[in-house]
Each structure stands twice: as C-alpha cells, then as structure tokens.
Amino acid sequence: MTETVFKSVKSLPSTHLMGSGNPMCAGCGGLEALHEIYNVLGEKTVFVNAAGCMTLLAVYPFTPFRGGWLYTAMASAPAGAQGVRDALDILKQRQDMPEEEDMQVVVLTGDGAAYGMGLSSTSGAIERNLDFLYVCYDNEGYGNTGQQYSGATPHGARTATSMGGGGFTGRKKPLFDIWAAHKPAYAATVIGSEPLDLSRKIEKAKGMKGPRLIIALSPCPTGWDFDPRESVAIGRLAVKTGIWPLKEVVNGEVVHTKVPGSRLPVERYLEKQGRFAHLFIPERDEVALAQIQAEVDDYWNKME
Ligand SMILES: Cc1ncc(C[n+]2csc(CCOP(=O)(O)OP(=O)(O)O)c2C)c(N)n1
Ligand code: SF4
Ligand SMILES: [Mg+2]
C-alpha cells in the first residue's frame with residue numbers, strides 16, 4: 001500500500017471493491033476473493049473485522065460496503081460477532097426490527113488472526129454454535145505489517161522474519177482440519193481465481209445456520225513478491241499443482257470440489273514468486289523442491 005495509492009482514496013470515492021478508489025495493493029488476491037464473496041452475500045452483511053489489510057476498506061465515507069462494519073482487536077473478532085449476533089436477535093425478539101432487516105454476521109480476518117492470535121476465541125464461538133460466517137483471506141503472513149511469518153506460512157517461504165537460507169522452517173497449520181474437528185455447519189477452501197467454485201460455496205454457506213468457515217488463499221503481490229499482473233495466474237497454479245486443494249466438509253465428510261486431472265509440478269507455482277526465489281537461484285535446491293513436492297503428493301495420495 002504505497003502512499004500514492006493510499007492518497008487516491010481521498011479523491012476517488014469507491015462504489016465497488018475493485019474500483020480505483022480503494023487503498024489496497026494492485027493485484028491483491030484477497031480483495032479479488034472478497035469482491036466475489038460480497039457479490040453473493042450482498043449488502044445485508046455486518047463485517048466484524050480483525051485488524052489486517054482489509055481494515056483499510058472501512059475508511060468512511062469511501063468504504064465500498066453498504067451494510068455494517070465493526071473493527072476489533074486481532075484476537076477478538078469471533079467475540080465481536082457474538083455481540084452483534086446477540087444484538088440482532090434481541091432486536092428481533094422485541095419486535096424492534098422486522099425479520100427481513102436481519103443481517104449476516106461475517107468475521108473477516110487475515111491468517112495472522114485466524115491461524116494464530118484469534119484461534120481460541122474462534123474455537124469458543126464454534127463451541128457455542130454461533131450463527132456466523134467466518135472468512136479468512138489467507139496471504140500466508142502478517143501482510144499489513146510487512147509480511148512477518150504466521151501460522152499459515154508455507155514451508156520454505158521467505159518472510160520478513162524468516163530470511164535465513166531455507167526460508168520458513170515451520171509448516172502451514174491445517175486450519176481447515178482444525179475447524180472440521182469442531183464439526184461446524186460448513187467449512188470450505190476457495191480462491192478468487194476460481195470464481196464459480198467460490199460463488200457456489202458462498203451461496204451454500206449463506207443458506208445455512210451455525211458456524212461456517214471459508215478460507216480463501218490470497219495471492220499477495222507485495223508479500224509474496226510477484227508482478228500484480230500474475231495474481232490470477234498464480235492462483236490458478238495453486239489449484240492446478242494441488243498445493244491449494246479446493247474442498248468442503250459436508251456432513252463431516254471432506255469432498256474435493258475441483259480435482260486437478262494431472263497435477264502440474266509444484267515448482268511451476270513456486271518459481272513465479274520472489275519469496276521462493278532462493279529455491280532456484282543461484283542454483284536449484286533439489287532437496288527442498290523434492291520435499292515440497294512430496295508433501296503435496298502425499299496429501300493427494302491419502303485422498304485417493
Ligand atoms: C494484538 C495485536 N498485535 C499486533 C497488531 C498489529 N497488526 C495490525 S494488522 C497486523 C497483521 C495482521 O496479519 P493478518 O491477520 O494475516 O492480516 P493481513 O495483514 O495479512 O491482512 C498486525 C500484526 C495488532 N493490531 N494487534
Ligand atoms: S499486502 Fe497483500 S493482502 Fe495486503 S493489500 Fe497488499 S496485496 Fe493485498
Ligand atoms: Mg495475512
């Protein structure tokens with residue numbers, strides 16, 4: 001988010017998310033996914049937002065959202081969602097608000113909060129069977145503060161806090177599985193570059209009650225170091241290489257919604273991103289590349 005881009009928000013009121021008046025980086029994959037999600041959810045949506053890049057979309061009067069917005073501390077969005085849901089239910093119960101004015105309560109959070117700081121309050125909200133949609137745009141790091149590693153950072157990626165030779169030494173936390181173990185009403189992975197799959201899942205989630213998760217892998221030109229023009233191509237490669245499986249949990253059973261016919265080598269996805277450049281330059285790190293490929297193969301072999 002350069003100063004120049006941010007200044008433009010002052011002169012160009014935005015009426016839709018991808019308009020020139022928003023303060024986000026060009027090619028933001030998180031914004032692409034959110035745009036598609038909002039198209040389905042519509043204006044009767046209250047976002048409860050944990051601090052992160054998307055918080056910049058709340059700047060009044062330039063916000064593209066026409067419903068409600070509550071900004072919370074990073075760990076507390078599910079608790080905020082509980083308060084909003086309770087308030088709406090009380091208004092309806094007292095007949096101070098007609099049923100048709102009810103709104104979807106949607107947590108909007110980055111991965112830093114979803115995979116880490118906010119995980120315990122999320123677990124508590126699912127346990128209470130809170131009626132909310134939980135949307136995590138996953139750019140695999142603390143993007144808003146300069147891409148420090150988070151619980152979602154993949155093995156081998158360079159981040160501001162994993163600059164050593166091999167990049168991040170840890171592994172991406174299985175947030176989808178952690179949610180699935182709570183037996184929520186619904187959980188799904190999506191990506192903005194597969195809009196039909198995404199829209200179908202949001203339609204489905206919108207029509208349900210209870211805790212519902214959407215994790216959107218969000219190619220991030222700034223944090224992942226690639227040309228913004230490559231954002232959609234990188235998103236498609238994430239699916240075609242199998243590194244980002246598109247799936248959902250239906251009645252406790254995991255179903256893949258788009259299975260790549262013959263998976264492309266995962267390095268086709270990695271080589272496009274500066275955060276993985278050390279795996280190719282000055283020479284190929286065959287051990288690390290084979291390890292990342294083996295982990296993807298292992299995932300799909302277990303699914304067959
Ligand atoms: C408790 C707390 N620690 C640190 C911050 C500073 N902070 C604001 S946004 C942010 C990054 C959040 O990362 P993520 O949730 O992944 O969202 P992204 O920035 O990637 O959109 C941080 C660390 C904060 N707001 N609250
Ligand atoms: S840092 Fe990444 S996630 Fe944040 S606005 Fe820029 S492209 Fe989007
Ligand atoms: Mg993030």
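This dialogue covers the metal site, the ligand surroundings and one serine of a predicted model.

Student: What should be settled before reading the model?

Tutor: Residues are numbered from 1 along each chain as its sequence is written, and chains are lettered from A and ligands numbered from 1 in the order in which they are written. In this predicted model local features need pLDDT of at least 70, side-chain atom pairs count only at pLDDT 80 or more, totals for chains, interfaces and linings use all residues, and side-chain values use heavy atoms, with hydrogens and water left out.

Student: What pLDDT does the protein chain average?

Tutor: pLDDT is the predictor's confidence in each residue, from 0 to 100. The protein chain averages 92, and 93% of the residues score at least 70. Over residues 1–20 the pLDDT is below 50.

Student: Which residues are the protein donors of the magnesium ion (ligand 3)?

Tutor: Donors are N, O and S atoms within 2.8 Å of the metal (3.2 Å for Na, K and Ca); water is not among the atoms, so sites may look incomplete. Here they are Asp 111 (OD), Asn 139 (OD1) and Gly 141 (O), at 2.0 to 2.2 Å from the ion. Their spacing along the chain is D-x27-N-x1-G. Asp 111 is in helix α4 (residues 111–117), while Gly 141, 30 residues apart from it, is in the loop between β4 (132–138) and α6 (175–181). Helices (H or I, at least four residues) and strands (E, at least two) are DSSP runs, numbered from the N terminus.

Student: Why does Asp 111 count as buried?

Tutor: Buried means under 20% relative accessible area, exposed over 50%, partly exposed in between (1.4 Å probe, protein chains only). Asp 111 has 0% relative accessibility, so it counts as buried. Gly 141, at 3%, is buried too.

Student: Which side chain does Ser 150 join by a polar contact of 2.6 Å?

Tutor: A polar contact is a pair of N or O atoms within 3.5 Å; within protein, one must be able to donate a hydrogen and the other to accept it, and residues adjacent in sequence count only if both atoms are side-chain atoms. The partner of Ser 150 is the side chain of Asp 111. The Ser 150 side chain also reaches the backbone nitrogen of Ala 152 at 3.0 Å. Ser 150 lies in the loop between β4 and α6 and is buried at 4% relative accessibility.

Student: Where do polar atoms of the protein meet ligand 1?

Tutor: An oxygen atom of ligand 1 is 2.8 Å from a backbone N or O atom of Cys 53. For Asn 139 the distance is 3.0 Å, from a side-chain N or O atom to an oxygen atom of ligand 1. A polar backbone atom of Asn 144 lies 2.7 Å from an oxygen atom of the ligand.

Key. Contact means heavy atoms within 4.5 Å.
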